[in-house]
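Student: I should like a close look at one part of this structure, namely a pair of packed helices and the core around them. Please describe that part in one connected account.

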Amino acid sequence: MKTRNILTGAFLALTAFGCTDLDVNIESQYTEMPNSEIAIEAQMSNAFYGFRNAIGRRFDEGVSCNSDEYTAVSFDGDYLNGRDMANFSLHMIDPTNSKNQLNVFDELQSAITNCNRVLFDLKDAGVATDEDLAPVRAVRAFYTFMIMDHWGDTPIIDHLLADDEKIDRSPRADVAKWIESELLAVRDNCYENVDASTYGKPTRWMVDALLAKLYINWNVYTKDVTSSSWNANDKNEKLNECIKACDRVIASGHFDLSDDYKTKFMYTNGSQIKDFIYAMPYDAETVQGMTFARFRTWRRGQNSNGFYSIEMSNSVGGNMALTPEFVELFCLPGDRRNDVIAGSTGENIGLPSFDVYQYDNATGDPTNIRNTYGGENVTFTKAITLKEDLTANPPVVPNADLNCGADLKGWTQGYRSIKFFPDINDYNNFSRNQDNDVPIFRYADIILMKCEAIVRGGTATNGDTPMSLFNQIRAYVNAPLLDHDPSLQEILDERGREFLDEHWRRNDLIRFGKFEEPWGFKNQFNPNARNPQYRLWPLSIDALNNNTNWKQNPGY
C-alpha cells in the first residue's frame with residue numbers, strides 16, 4: 001500500500017464518503033453550498049476521477065487488444081466471454097458481446113455530467129468563480145476527448161441535462177474545435193504547482209499535453225478518417241501549435257526523464273515521478289480499480305512456484321498475450337524497456353521462446369528460481385499457436401475464439417508484460433487490486449510529439465532537432481542513439497517501445513496510417529479487417545437503447 005499526501009488523501013476520502021466533518025454529502029443536492037476552501041476543493045476533486053474505473057480494467061481491455069500490442073486468447077472456453085475481447089483483437093467489435101468494454105462511453109458521459117453538476121452547483125451558489133472552476137472544465141474536456149478519440153461524433157454536454165432532454169452527437173471536427181476552445185479558455189487558471197497536492201488533477205501542464213495530443217491528431221479528428229481516401233500524411237495545420245504546447249511543458253521545468261524506466265511503473269510510483277504530467281492514482285486498499293496484472297499474468301501463474309516470488313491467492317486470467325509482431329520492437333541492445341517484457345528481447349530477440357523464472361515481489365526483477373507448473377518448467381513461446389485437433393469429435397479448428405487450449409502449452413502462448421508490476425501482498429489482500437498509478441500524459445510523450453511534429457513539417461524551436469529530441473528518449477533508457485533524423489516509422493516504433501500498456505498505441509497506429517497492418521489473427525478470421533470504418537468503435541447496444549435518437553457508427 002502507498003502512503004499518500006495527507007491533503008490529497010483527504011480529498012479522495014471526501015470524494016468517496018462525503019464531507020462528514022463538514023456535514024455535507026458530496027453526492028447530494030444542497031439548499032446551501034459550503035464555501036470553505038476545503039469543501040470547494042473536495043467538490044472539484046469529485047469530478048477529477050471519473051475515468052478511474054474504466055482505465056483500470058474495461059477501457060484497458062478494449063483499447064489494448066484493439067492495437068498490435070495484444071491479442072486476446074481463450075482456453076477451451078475459459079475467458080472466452082462471448083468473444084468480448086477477441087472481437088477487439090480481430091477488429092470485429094460486437095456492440096452486444098463487447099458491451100462491457102464499450103460502455104466506457106457511458107462512464108465518460110456520466111463523468112461529464114458530474115463535472116457539470118459541480119460546475120453549476122458551485123457557481124450558482126456563489127462560492128466559486130469561473131477561474132476557480134477551470135480545472136473542472138479541463139477534465140470535462142479530457143473526458144470529451146476520450147469519447148471523441150474512440151467513437152468519433154460525440155455529444156457536447158456543456159450544461160446540466162433536463163430529465164427528458166435528448167442530446168445529439170456533434171460532428172467529430174466540431175467536437176475537436178470545442179475541446180480546443182475549452183482548453184485554451186481555462187489553461188491559465190488551472191493548477192500551476194506540480195506536487196503531491198495536484199497529483200492526478202488538471203494542471204495547466206496537463207492542459208498543454210492534451211492540446212499537443214489534440215493537435216498532433218488534428219488530421220484524424222477534423223477529416224473523415226473512416227474514408228479509404230484519408231491520408232495519414234496530409235498537411236496538418238496545427239503542427240506549430242503542437243510544438244508550442246510541448247515547449248510550454250518543457251519550459252516549465254517541472255518534468256524530466258530522470259526516473260528509471262521500469263521503476264516508475266512499479267507499485268511504488270506516485271507524485272515523485274518527474275516524468276508523469278497527468279496520472280490516475282490508485283491504492284489497492286482505498287482507491288481501487290486497477291487490475292492490469294490479472295489479465296497479463298499467464299493463466300496458472302498464481303500457483304506455488306509460480307510467476308512471482310509470492311504465491312497469489314486470487315487467480316489470474318492470462319488472456320492478454322503480446323503479439324509476436326509487437327514484441328519485435330523490443331530488439332535494441334541494452335534498452336531498459338526490454339526489462340518490462342517477460343520474453344526474449346534485446347540481443348535475444350531472435351529466440352523463439354523464453355524460459356520463465358520467478359519475479360521478485362520487491363524489485364520486479366527475475367530471480368534464479370524456475371517457474372514451474374505440475375512439475376514442468378514454464379517456457380513462453382513468442383509465436384501464438386491456436387489449438388487444432390482434427391481427430392477430435394467434433395474436430396477442433398482454429399477460429400475467432402482464439403482458443404489456445406486449457407493446458408500448459410496453451411496457457412504459455414505469447415510473451416507477457418510486467419510493466420505495471422503488482423505488489424502480490426496487496427493483490428492477495430484486496431481482491432486483485434493494485435497500487436500502480438497509471439500515467440495518461442508523460443514528459444516522454446511531449447518530447448516525442450514535438451519530434452514528430454517537426455518531422456511532419458512543423459517549425460523547429462529552441463535549437464531542438466528531431467534527432468536531438470529522439471535521442472533524449474534513447475539516452476534515458478540506455479538504448480543506442482541515432483545518428484540521423486528519425487523517420488516517421490522510427491518514431492512510431494519508438495512510441496511502441498515507450499508507451500506499451502499506456503493506451504496510446506491504437507491512437508498512434510491510426511495517425512500513422514498503420515491500423516490496418518497485419519498482426520495477430522485479425523486478417524485470418526476477419527475478411528473485412530481492413531475496413532477503415534473500424535478506426536472508430538461502435539456504440540454499445542446499451543448506449544443505443546439509452547439514446548434512441550442516435551445511429552450506430554457505420555460498418556457495425
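Tutor: In what follows, contact means heavy atoms within 4.5 Å. The model is a predicted one. In that sense, Ala134, Arg137, Ala138, Arg140, Ala141, Thr144, Phe145, Met148 and Asp149 of helix α8 meet Arg172, Val175, Ala176, Trp178, Ile179, Glu182, Leu183, Ala185 and Val186 of helix α9. Sorted by class, the contact of α8 with α9 comprises 12 nonpolar, 1 polar and 5 charged residues.

The geometry of the pair is as follows. The axes of α8 (residues 134-151) and α9 (residues 172-186) come within 9 Å and cross at roughly 160 degrees. Because angles over 145 degrees count as roughly antiparallel, α8 is roughly antiparallel to α9. The crossing of α8 and α9 is left-handed.

Helix α8 also belongs to a wider setting. The largest nonpolar core has 168 residues, and those with the most contacts inside it are Phe51, Phe142 and Phe441. To this core α8 gives the most, with 12 residues. Phe51 touches Phe142, Tyr143 and Met146, and its partners also include Phe59, Val104, Leu108 and Met280, leaving aside residues up to four places away in sequence.

Phe59 leads on to helix α4. In α4, the buried residues are Phe59, Asp60, Glu61, Gly62, Val63, Ser64 and Cys65. Helix α4 (residues 58-65) is largely enclosed by the rest of the structure, because 7 of its 8 residues are buried.

Technical notes
Residues numbered from 1 in each chain as written. Predicted model: local features only at pLDDT ≥ 70, side-chain atom pairs only at ≥ 80, totals over all residues. Heavy atoms only, no water. Core = buried A, V, L, I, M, F, W, Y, C linked by side-chain atoms within 4.5 Å. Buried < 20%, exposed > 50% of the residue type's maximum accessible area, 1.4 Å probe, protein only. Helix = DSSP H or I, 4+ residues; strand = E, 2+ residues; numbered from the N terminus. Axes fitted to C-alpha atoms, helices over the stretch in contact; angles between N-to-C directions. Parallel < 35°, antiparallel > 145°, perpendicular 65-115°, else oblique. Left-handed = near helix turned anticlockwise from the far one by under 90°. Nonpolar A, V, L, I, M, F, W, Y, C, P; charged D, E, K, R; others polar.
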